[in-house]
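User: Could you take a close look at one part of this model for me? I'd like to understand the largest nonpolar core and what surrounds it.

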Amino acid sequence: MDRRSFIKKSALGAASIAVPTILPSGRLFAATGSRRANHVVFCLFSGGVRNLESVLKNEGNLMPSMLKGNSSISIDIAGSINSMPSSPLSKTLQEYGTLFTNIKFSDGPTGHFNGHTSALTGQHTNSNLSLRTNPPMPTVFELYRKHNSPVHAARNAWWISHSNNLYPLLNHSSHPDYGLNYAANQIAPNPFFGWDVSTNLRHELEFTDDKASTIKDLQAYMDSNFKKTYSLNSGVVNNADDREEMVAWMTEMQNKRVTGQLNNPWSIPSLMSGDQYNVFFTEELIKKFQPELTVVNLFNVDVAHENFSEYCNALNRADYAVAHLWDTIQSTPGMKDDTVLIIMPEIGRNLNANNIIDQNGRAALDHTNGDPMSRDVFCMVIGPDGVVNHNAVNTDLGATVDVVPTIADILGFRQDVDISLPGNVLQSAFV
Amino acid sequence: MSTVRFYIALVALVFASCHNEVVYDVGRLEPSNQGNKTELKDDLQFMSIAYRDLFGEEVPPDVLSTMRKAYISFGDKELIIDEIVQTMLVSPDLDLPSDSAIAADRSAFISDTYGKFLLRDPSDFESAFWESQLIEQMDLTAKDVYYVFMTCKEYKYY
């Protein structure tokens with residue numbers, strides 16, 4: 001080793017001992033709490049689901065992959081329920097964790113966006129919540145990213161929304177201490193991997209190493225000549241390596257779409273629903289990136305506004321999708337036995353029906369009057385044996401705002417969050 | 001040393017050390033032609049203008065709808081803008097200057113490109129820079145140059 005090299009290495013060594021690492025988040029160290037698991041998947045079983053049709057099984061067990069019991073489906077609607085393949089799991093999801101049957105969406109209008117916002121921020125909302133802007137309080141994605149080390153980059157937090165209408169806004173808040181710098185990656189895969197986008201929008205300019213370097217230099221030259229402050233809303237920011245992986249994954253999905261490989265990949269006899277495709281793409285994303293925090297929402301049950309029987313059918317399809325998701329998590333290296341899955345509707349639906357009658361003579365259900373039935377939901381916390389209490393039912397009063405502190409607790413950053421969260425950790429779910 | 005001699009020596013020293021060196025400077029060649037762009041294009045404007053700049057016609061509604069759908073369905077907007085720009089540039093309908101046409105009149109290609117995308121003439125410095133790049137980087141195509149212009153900061157403003 002020559003003298004100069006030695007001095008350089010010595011100096012580096014000394015510096016590494018003397019100077020603690022300051023993280024880009026401004027924190028000196030990573031999250032201080034211990035983790036219960038390294039991955040959380042939160043399935044917002046959304047669209048408005050009443051406890052009557054779910055955990056109370058008023059129409060029979062419409063969710064046989066998730067809930068114990070084999071009560072038969074009401075005869076008048078049974079013909080409207082599409083048959084699903086057998087559950088890929090050896091027992092019901094309920095038996096892999098704890099079922100909470102008394103969870104309240106306690107405050108705010110019983111609308112989808114309020115329900116989603118409450119579930120994703122852990123804060124109560126009111127009628128002033130804007131549908132055009134990001135929510136004012138930080139989302140669970142921002143809390144996770146700010147209060148963890150920089151290795152927990154955007155690729156580790158995903159918000160997979162059923163539609164690209166309104167819901168993409170929930171990947172970050174407008175809170176001055178959080179915001180875009182801590183946003184999740186957001187994707188609405190159903191429109192994004194739709195036929196029109198997949199066949200027309202392609203990442204096809206492939207620059208070789210030398211050419212890529214030249215292009216980068218030229219871009220830097222052009223930007224150096226433009227002195228204006230760069231204040232674009234460029235969305236979530238990924239680093240170059242992660243972007244490259246995302247482009248590769250997107251291209252793979254697009255290729256599968258145009259070559260017909262995404263035509264009913266689960267082989268559902270009556271074809272896959274939008275919810276099932278959303279979960280399918282979530283599984284593909286999980287297999288590719290093994291994110292630490294994934295939130296996916298479903299939405300098809302909202303057909304209940306105009307068709308009660310189809311609502312029950314959508315519940316049955318969503319039930320199969322969630323079981324499929326857990327099965328995929330358990331066969332994904334890095335996620336298996338190290339993931340907690342939380343399942344919860346964002347709101348319920350009204351007790352009283354509206355006046356729209358379906359093919360089976362059943363009246364449809366809205367969710368807008370804020371009655372107790374529209375505020376009652378269930379929650380399931382599923383996880384590895386030894387981490388999560390298995391086959392347990394909890395009837396204590398809880399709240400939809402409990403999910404955010406529960407996720408923070410699982411991922412070890414609950415004590416680092418310095419803003420007030422009104423909810424409590426769903427402690428009884430854990431061993 | 002007497003006080004008078006000391007002050008004379010001090011003044012001489014100050015003059016000697018502070019004497020300005022004569023520099024025959026050509027002036028700083030700092031391009032400042034930003035085309036007076038002050039407003040950021042919004043997403044739809046960006047896509048519409050990019051299409052018009054490349055294809056010379058208004059973007060068809062179905063094409064705009066597809067681009068917009070992709071844009072609002074993915075959180076990393078820069079990545080999607082990049083994909084949209086790439087998609088346009090690889091379109092078989094796009095009429096791009098050939099390598100030989102560029103080589104035949106690099107200066108005209110550079111001026112045309114600045115006019116097409118940045119709505120201004122290049123400064124002398126910019127012309128000289130790009131001309132040297134086109135000579136040195138033999139494999140630079142019109143597609144590459146257009147890509148650089150369409151992904152630069154100035155192009156995001158109008």
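Analyst: Happy to; here is a walk through that core, the chain contact and the second chain.

A word on conventions: residues are numbered from 1 along each chain as its sequence is written, while chains are lettered from A and ligands numbered from 1 in the order in which they are written. This is a predicted model, so local features need pLDDT of at least 70 and side-chain atom pairs count only at pLDDT 80 or more, while totals for chains, interfaces and linings use all residues.

The largest nonpolar core has 139 residues. By nonpolar core I mean a set of buried Ala, Val, Leu, Ile, Met, Phe, Trp, Tyr and Cys residues joined through C-beta atoms within 7 Å. Buried means that 20 or more other C-beta atoms, placed from the backbone, lie within 10 Å of a residue's own. The residues with the most contacts inside the core are A:Val40, A:Cys43, A:Val322, A:Ile342, A:Met344 and A:Cys379. Helix H10 of chain A (residues 308–330) gives the most to this core, with 13 residues; helices here are DSSP runs of H or I with at least four residues, and strands are runs of E with at least two, numbered from the N terminus. The core also reaches into chain B, drawing at least three residues from each of domain 1 (38–95) and domain 2 (97–141), with bounds from an automatic or database domain assignment.

Zooming in on A:Cys379, and leaving aside neighbours within four places in sequence, its contacts are A:Phe100, A:Ile103, A:Ile342, A:Ile343, A:Met344 and A:Gly398. Two residues are in contact if their C-beta atoms, placed from the backbone, lie within 7 Å.

Now to where the chains meet: 39 residues of chain A and 33 residues of chain B take part. On the side of chain A, H7(A) gives the most, with eight residues. That side divides into 19 nonpolar, twelve polar and eight charged residues. In this count Ala, Val, Leu, Ile, Met, Phe, Trp, Tyr, Cys and Pro are nonpolar, Asp, Glu, Lys and Arg are charged, and the others, Gly among them, are polar.

Chain B itself has eight helices and zero strands, and buried residues make up 25% of its 158 residues. The C-alpha centres of its two domains lie 23 Å apart.

Finally, confidence: chain A averages a pLDDT (the predictor's confidence in each residue, from 0 to 100) of 90, and 91% of its residues score at least 70. Over residues 1–29 of chain A, though, the pLDDT is below 50. Where pLDDT is low, the predicted coordinates should not be read in detail.

Terms used:
Buried ≥ 20, exposed ≤ 12 C-beta atoms within 10 Å, placed from the backbone.
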